[in-house]
Protein chains: 2
Amino acid sequence: MTARLDLEYDGTEFAGWALQPGRRTVEAELRRALETVLRAPPQALTVAGRTDAGVHASGQVVSLAGPPPSPSSLNALLPADVAVLGSAQAPDGFDARADARSRSYVYRVLHRRARQALERRRVLWWPRRLDRDLLHACAALLPGRHDFTAFTPAETLHRHFRRTVLAAGWDEQGDELRFTIEADAFLRHMNRALVGTMLEVAGGRRELAAFEALLAGAPREAAGFTAPPHGLCLTAVRYVVPAPRLTPAGAATGSSRST
Amino acid sequence: MTARLDLEYDGTEFAGWALQPGRRTVEAELRRALETVLRAPPQALTVAGRTDAGVHASGQVVSLAGPPPSPSSLNALLPADVAVLGSAQAPDGFDARADARSRSYVYRVLHRRARQALERRRVLWWPRRLDRDLLHACAALLPGRHDFTAFTPAETLHRHFRRTVLAAGWDEQGDELRFTIEADAFLRHMNRALVGTMLEVAGGRRELAAFEALLAGAPREAAGFTAPPHGLCLTAVRYVVPAPRLTPAGAATGSSRST
């Protein structure tokens, strides 16, 4: 059996998702809670999006071996900044990372002169010039398959730099601008470097044509700054609905699921 | 001269607005910053809404004597959880408390089974039964002038308990329910006791007719629980536009303003 967990967390006080010796991470907290509930260390645990330090998630997905553990038992053990939203049986062999077809992120920007207080852990405050038409024009260039080398640190473990953006766009709600992007996968820091570079274009500090050129595999130093992590949130992961598997008797079994 | 400041703050780590010896309060932080910027203690400082410990504000208003201080100077001195949104010259003698015609608050409730993590400082998690029609029916009873004795602590400094609700209603955005209320003024804990009592009606634990009866001056113990402060936010204060004052020469002067 394989279980699927859906999680939300406030990344502010975490050193990111992945286990790191001596650091407080979401994975460490989840493994500790699972070990208590399962009375054994979790097996074959994978995650859809390995978020960086300070990045939030409202739709993170994890898979692990075994029957689905009780969300309320896990939530009673987890700290206040991580919550299990759901736990369900997944198709045998379901892998939250390998089976994901796309991840969606949102980056929030508060564009106003006055400093903020209320949403300071969730939204980037950006008091500088920002041409909204240029933001939209940048986002419109993103869908498709591109080489994002310019948007990930030069010292990288990635070996392939092409990713497919399925959708990207900015929307506005008063002073707040939200960048939504869905891609098959993301390079490390890719979202934050995209946002930082788009803010530079929208501030008149680089040309729209230069932004487009970055998508063809320019070096990291050709792109803009890496926007801070606290504006970013992993909001959804999409999986294909598995085809029903046939039992020897020919009856359809297996749970189907789409996200 | 009189100055008007517009403020936002995250109430989580404050013991409320008002000065209290040995406690961290918004007023204490603001007075400290003003004293540095003005090089003297602020004079005649009043506030529109004396929020309780843990209650947030996105539209708090303060008045004080003198020319408007620079928002950026104040923001550089204030801690991250308080921000000055604006500073302007107000009509002579403007009093943020006495001149306010109404205050508006929003109380946010997350109605779902799963515990939350991301908005845990801003939204009440409410996993119990909640009949949304009953919430709407409760709110529809609130506009008008009522005796709110049942919705404020029995040991009170208030001497008058009638307040006029100008507007009240619940709206829904997915799992989130938001209660918005505008009144001429509020008794201590009034919003939170109203929300707690409405949640009890919507959970089937008290009758809608009993809720209506509470608005005629029942004792505190007749109403429901006081919902926790972290779901509540002061969002706006309304002032009348002052009539232009005539100078001896007959020319119109004075700034007019509406909020």
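User: Which residues of helix α3 (132–140) in chain B are buried?
Analyst: This is a predicted model, where local features need pLDDT of at least 70, side-chain atom pairs count only at pLDDT 80 or more, and totals for chains, interfaces and linings use all residues. Residues are numbered from 1 along each chain as written, with chains lettered from A and ligands numbered from 1 in the order written. In α3(B), a DSSP run (helices are H or I, at least four residues; strands are E, at least two; numbered from the N terminus), the buried residues (20 or more other C-beta atoms, placed from the backbone, within 10 Å; 12 or fewer is exposed, in between partly exposed) are B:L134, B:L135, B:C138 and B:A139.

User: Over what arc around the axis do these buried residues of α3(B) spread?
Analyst: B:L134, B:L135, B:C138 and B:A139 are the buried set in this helix. They lie on the same side of α3(B), because the arc they cover around the axis (taken from the directions to their C-beta atoms) is only 140 degrees.

User: And which residues on the other side of α3(B) are exposed?
Analyst: The buried residues share one side of α3(B), given their narrow span of only 140 degrees. Facing the other way, the exposed residues are B:D133 and B:A140.

User: Which elements are included in what covers the buried residues of α3(B)?
Analyst: The residues being covered include B:L135 and B:C138. Their cover, judged by contact (C-beta atoms, placed from the backbone, within 7 Å), takes in elements of chain B, including β8 (162–173), β9 (176–183), α4 (190–202) and α5 (208–214).

User: Are α3(B) and α4(B) parallel or oblique?
Analyst: The axes of these helices, lines fitted to C-alpha atoms over the stretch in contact, with angles from 0 to 180 degrees between N-to-C directions, come within 8 Å and cross at roughly 135 degrees. Angles under 35 degrees are roughly parallel, over 145 roughly antiparallel and 65 to 115 roughly perpendicular. That crossing therefore makes the pair oblique.

User: Which residues of α4(B) make the contact with α3(B)?
Analyst: From α3(B) come B:L134, B:L135 and B:C138. By class, this contact has six nonpolar, no polar and no charged residues (Ala, Val, Leu, Ile, Met, Phe, Trp, Tyr, Cys and Pro are nonpolar; Asp, Glu, Lys and Arg charged; the others, Gly among them, polar). On the α4(B) side, the partners are B:M198, B:V201 and B:A202.

User: In chain A, at what angle do α3 and α4 pack?
Analyst: In α3(A), A:L134, A:L135 and A:C138 meet A:M198, A:V201 and A:A202 of α4(A). The contact residues divide into six nonpolar, no polar and no charged. The axes lie 8 Å apart, and the packing angle is about 135 degrees.

User: Which element supplies the largest share of the side of chain A that touches chain B?
Analyst: Here 20 residues of chain A are in contact with 20 of chain B. On the chain A side, β1 (2–9), β3 (56–65), α2 (71–77) and β4 (82–90) each give at least two residues. This side divides into ten nonpolar, five polar and five charged residues. The largest share, five residues, belongs to β4(A).

User: Is B:R39 buried or exposed?
Analyst: B:R39 sits in the loop between α1 (26–38) and β2 (46–47) of chain B. Its phi is positive, about 60 degrees, although it is not a glycine. Having 7 C-beta neighbours inside 10 Å, B:R39 counts as exposed.

User: What is phi of B:H189 near?
Analyst: B:H189 is placed in the loop between β9 and α4 of chain B. With 19 other C-beta atoms within 10 Å, B:H189 is partly exposed. Its phi is positive in a residue other than glycine, near 65 degrees.

Key:
Two residues are in contact if their C-beta atoms, placed from the backbone, lie within 7 Å.
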